Amino acid sequence: MTKTAPAPVPGHQDLTRLLGLMTGDEKHGPAATSTLDALWVLYGRVLRVSPETVDAPERDRFLLSKGHGPMAYYAVLAAKGFLAEELLPGFGSYDSPLGHHPDRTLLPGVEIGSGSLGHGLPLAVGTVLGLRARRLTDPRVWVLIGDAELDEGSNHEALAYAGPAGLEQLHTLVIDNASATYGWPGGIASRFEAAGWSAETVDGRDHEAMYAAFTAPHPGRPRAVVARVEPKA
């Protein structure tokens, strides 16, 4: 019997093709492409979660607060085996689990549903506190937010709380594509630093720079990485 060679595992070079399978008028293309590289680095080299461990108590948690334009998220999840590639062409259709915002009840590995933006960081803070209550101190919690979400009071309150509380398990990735209404003296990272966080700004297309920033030690403090990007056309 002739053995069939296993299908090649999708790599970073396949993400454009996977994104192209999702069509429609509400793709929010720039919102998706601005997050693509950061998501790839997180799921490929940082997050301790796999399709086999999506329910394991010890898994890392990833929360997508920047829910508009989830195609990059779906493409990376498909590349990493969390969902079938065959689902991608149905994106946004009536009976598809791939909605215009991710739904945690429909997709394995999705930790929160998104919709109203500006609430991801407080949800991440609550997740860390919940893990602590269960004496689970090893799992790391990552939340990806957009720069404009920092205009929201709920995110500001979570940011102000997490630093003094010493939530070391908490990691925030801010995608900065200059879409915020308001600026901050010294840049976004300085806002986190003023609240007691460890923070760094990197090029959001430079995989090695992001990996170094994502894995830098920050004992006793939450970590924020600001990834600056220019949206791809």
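The exercises below work through two buried charged residues, a cavity and a helix in a predicted model.

Residues are numbered from 1 along each chain as its sequence is written, and side-chain values use heavy atoms, with hydrogens and water left out. Because the model is predicted, local features need pLDDT of at least 70 and side-chain atom pairs count only at pLDDT 80 or more, whereas totals for chains, interfaces and linings use all residues.

**Exercise 1. Find which polar atoms the side chain of Arg61 reaches, given that Arg61 has no salt bridge.**

Step 1. Locate Arg61 in strand S1 (residues 61–64), a strand being a DSSP run of E with at least two residues, numbered from the N terminus.

Step 2. Arg61 is buried (under 20% relative accessible area, with a 1.4 Å probe and protein chains only), and the nearest side chain of opposite charge, Glu111, is 4.7 Å away. A salt bridge requires a side-chain nitrogen of Lys or Arg within 4 Å of a carboxyl oxygen of Asp or Glu.

Step 3. Turn to the backbone: the side chain of Arg61 reaches the backbone oxygen of Arg59 at 2.6 Å, and a polar atom of that side chain lies 2.7 Å from the backbone oxygen of Pro57.

**Exercise 2. Describe the largest cavity and the residues that line it.**

Step 1. Search the whole structure, which yields one cavity of 30 Å³ or more; a cavity is a set of points on a 1 Å grid over the protein atoms alone where a 1.4 Å probe fits but cannot get out.

Step 2. The largest cavity holds about 40 Å³ of space, the volume being that filled by probe spheres set on the points.

Step 3. List the lining residues, which have an atom within 4 Å of a point: among them are Arg61 and Glu111, together with Tyr43, Phe62 and Phe82.

**Exercise 3. Carry out the analysis of Asp147, which is buried yet has no salt bridge.**

Step 1. Place Asp147 in the loop between S2 and helix H5 (153–165).

Step 2. The nearest side chain of opposite charge is Lys66, 5.6 Å away.

Step 3. A polar atom of the Asp147 side chain lies 3.1 Å from the backbone nitrogen of Ala178.

**Exercise 4. Determine how many residues of helix H3 (residues 71–79) are buried.**

Step 1. Count along H3, where nine of its nine residues are buried, including Tyr73, Tyr74 and Leu77.

Step 2. Look just beyond the helix, where H3 is followed by Gly81, whose phi is positive, near 90 degrees.

Terms used
Buried < 20%, exposed > 50% of the residue type's maximum accessible area, 1.4 Å probe, protein only. Lys, Arg positive; Asp, Glu negative; His and termini not counted. Polar contact = N/O pair within 3.5 Å; in protein donor to acceptor, adjacent residues only side chain to side chain. 1 Å grid on protein atoms, 1.4 Å probe; cavity = no way out; pocket = protein on both sides within 12 Å on 5 of 7 lines; lining within 4 Å. Helix = DSSP H or I, 4+ residues; strand = E, 2+ residues; numbered from the N terminus.
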